[in-house]
Each structure stands twice: as C-alpha cells, then as structure tokens.
Amino acid sequence: MLQLSFPQAMANADTVMASADLPAAPDEVIAALVTREVERWWGSADTYRMTGWNADLRVDGCWSVVVKTADGQRLPASGKFLEIEAPRRIAQTRRYDWDHPALGRKETTVAYLLEPIGDGTRLTICHGGFAGFPDAAAEHAEGWARVLGWLQGYLGGAT
C-alpha cells in the first residue's frame, strides 16, 4: 500500500516546485489535471471552484476555465498546451485573463511530471515564469500545496 505524505511546495525568485504522491495510476492523474474532471475536485466551497473547463488536448491546443470564488466572482484563466507526452509529462502556458493582484496577466508555464511509484504516482509540478514577481511565486507555492492536497483527497488518499 502506498504511504502518502503531505504535499510539499516551495518557490524561488522564478519558479515554484510542488510534489505529492498520489494513490492512482499516471493516466488517472493526467485525466484529473487536464480534463473536465478538474471541476470535481479543484477547489473548495470556502476558497474557489473551477468551472467551465474546456480543453483541446493536443500540442498548441487551447484550454480555458473560470475560477468562481467563494464570494461569487468569476475569474477566467487560459493557456495552451506546449508538450503532451501522456502519461509522463504535460506542459502548458497559464495566464489569468484578469488583473491578478500579484501577477497581473503575465503568462507562466506549468509542467506536470508524472512518475509511477509503487501503487501510485509521484506528481511534480514545475511552475515557472515568476521572475520579477516574488510575491506571486510565494502565493502560487502555497496554492499548489493546497491543490495537491485536494487532488490527494479526490483520488482517495486524504492524509
């Protein structure tokens, strides 16, 4: 049986790294990350929820989602897929289509790296493009740790 630990995340001046061991096969983890399945688990009633997920899962394909905050705001985000080597790696751009307080509308890059381990998958997230935005990097590190906790719980491995 896979022993799960709490998700970990850290940031430097340019990049956020986050990691978690998940109780699911890599293809199940990819589906949870880049299909409409994100609407089932990404968020909570007291923070925000992902809604309206739409993705053309191919290199240069676009994705979009609306983040609905606990107070009812609707904040769109979008990007495009840069690399797809499912179920090992997916890289995509990410941009808020509104003025994020710490990042504005700056485009960043997220890479999901998946490694089979025992009965599950180690997911590592490398989120880059924060040069000049250290507060945004720190905020996103906290956010990725929270997101990975939600994903662990959704996949059946709440710690």
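In this predicted model, Gln 92 is in contact with Val 34, Trp 63, Lys 80, Phe 81, Leu 82, Thr 108, Thr 109, Val 110 and Tyr 112, once its neighbours within four places in sequence are left aside. The residue belongs to strand 6, which runs over residues 89–96. Because its relative accessible area is 4%, under the 20% limit, Gln 92 counts as buried. Two of its contact partners reappear elsewhere in this account: Val 34 is one of the buried residues of helix 1, and Tyr 112 is a member of a cluster of aromatic rings.

**Overall architecture**

The protein contains three helices and eight strands, and along the sequence these elements are arranged in the pattern β-β-α-α-β-β-β-β-β-β-α. The C-alpha atoms occupy a box of roughly 45 × 30 × 30 Å along the principal axes. A compact globule of 159 residues would have a radius of gyration near 15 Å, and the protein, at 15 Å, agrees with that expectation. Of the 159 residues, 45% count as buried, while the accessible surface amounts to about 7,800 Å², with 52% of that area belonging to carbon and sulfur atoms. Among contacts with a separation of 6 or more, 46% are made by residues 24 or more positions apart.

**Helix 1 and its buried residues**

Helix 1 covers residues 26–34, and its buried residues are Pro 26, Val 29, Ile 30, Ala 32, Leu 33 and Val 34. These residues lie on the same side of helix 1, because the arc they cover around the axis is only 170°. The last residue of that list, Val 34, is also where helix 1 meets strand 6 through the contact with Gln 92.

**Salt bridges**

Side chains of opposite charge can pair when their charged atoms come close. The structure holds eight salt bridges, and three of them are set out below with the closest distance between nitrogen and oxygen and the relative accessibility of each partner.

| Acidic residue | Basic residue | N to O distance |
|---|---|---|
| Asp 56 (33%, partly exposed) | Arg 58 (44%, partly exposed) | 2.8 Å |
| Glu 83 (29%, partly exposed) | Arg 89 (24%, partly exposed) | 2.7 Å |
| Asp 99 (56%, exposed) | Arg 105 (42%, partly exposed) | 3.0 Å |

Which partner in the pair of Asp 99 and Arg 105 counts as exposed, and which as partly exposed? Asp 99 counts as exposed because its 56% relative accessibility is over the 50% limit, whereas Arg 105, at 42%, falls below that limit and therefore counts as partly exposed. In the salt bridge of Glu 83 with Arg 89, both residues are partly exposed, with 29% for Glu 83 and 24% for Arg 89. Arg 89 is also where strand 6 begins, since that strand spans residues 89–96 and includes Gln 92.

**Loops and backbone features**

The loop between strand 5 (74–85) and strand 6 includes Pro 87, and the peptide bond that joins Ala 86 to Pro 87 is cis, with omega at about 0°.

A further backbone feature concerns Asp 60, whose phi is near 75°, a positive value in a residue other than glycine. Asp 60 is placed in the loop between strand 3 (48–55) and strand 4 (62–69), and with a relative accessible area of 46% it is partly exposed.

Gly 129 sits in the loop that connects strand 8 (120–128) with helix 3 (134–154). Apart from residues up to four places away in sequence, Gly 129 touches Asp 14, Lys 106 and Thr 108, and Thr 108 is in turn among the residues in contact with Gln 92. From Gly 129 to Glu 139, a step of 10 residues in sequence, the C-alpha atoms are 14 Å apart in space.

**Aromatic rings**

A pair of aromatic rings is described by the distance of the centres and the angle of the planes. Across the whole structure seven aromatic pairs are found, and ring pairs join Trp 41, Trp 42, Tyr 112, Trp 144 and Tyr 154 into a cluster. Within this cluster, Tyr 112 provides a link back to the opening theme, as Tyr 112 is in contact with the buried Gln 92 of strand 6.

Terms used. Residues are numbered from 1 along each chain as its sequence is written. This is a predicted model: local features need pLDDT of at least 70, side-chain atom pairs count only at pLDDT 80 or more; totals for chains, interfaces and linings use all residues. Side-chain values use heavy atoms; hydrogens and water are left out. Helices (H or I, at least four residues) and strands (E, at least two) are DSSP runs, numbered from the N terminus. Buried means under 20% relative accessible area, exposed over 50%, partly exposed in between (1.4 Å probe, protein chains only). Contact means heavy atoms within 4.5 Å. A salt bridge is a side-chain nitrogen of Lys or Arg within 4 Å of a carboxyl oxygen of Asp or Glu. The arc is that of the directions from the helix axis to the C-beta atoms. The radius of gyration is taken over C-alpha atoms; the globule rule is 2.2 Å times the number of residues to the power 0.38. Accessible areas come from the Shrake-Rupley method with a 1.4 Å probe; for residues, only the protein chains shown count as cover. Rings of Phe, Tyr and Trp (its six-membered ring) pair if their centres lie within 6.5 Å; planes under 30 degrees apart count as stacked, over 60 as edge-to-face and the rest as tilted.
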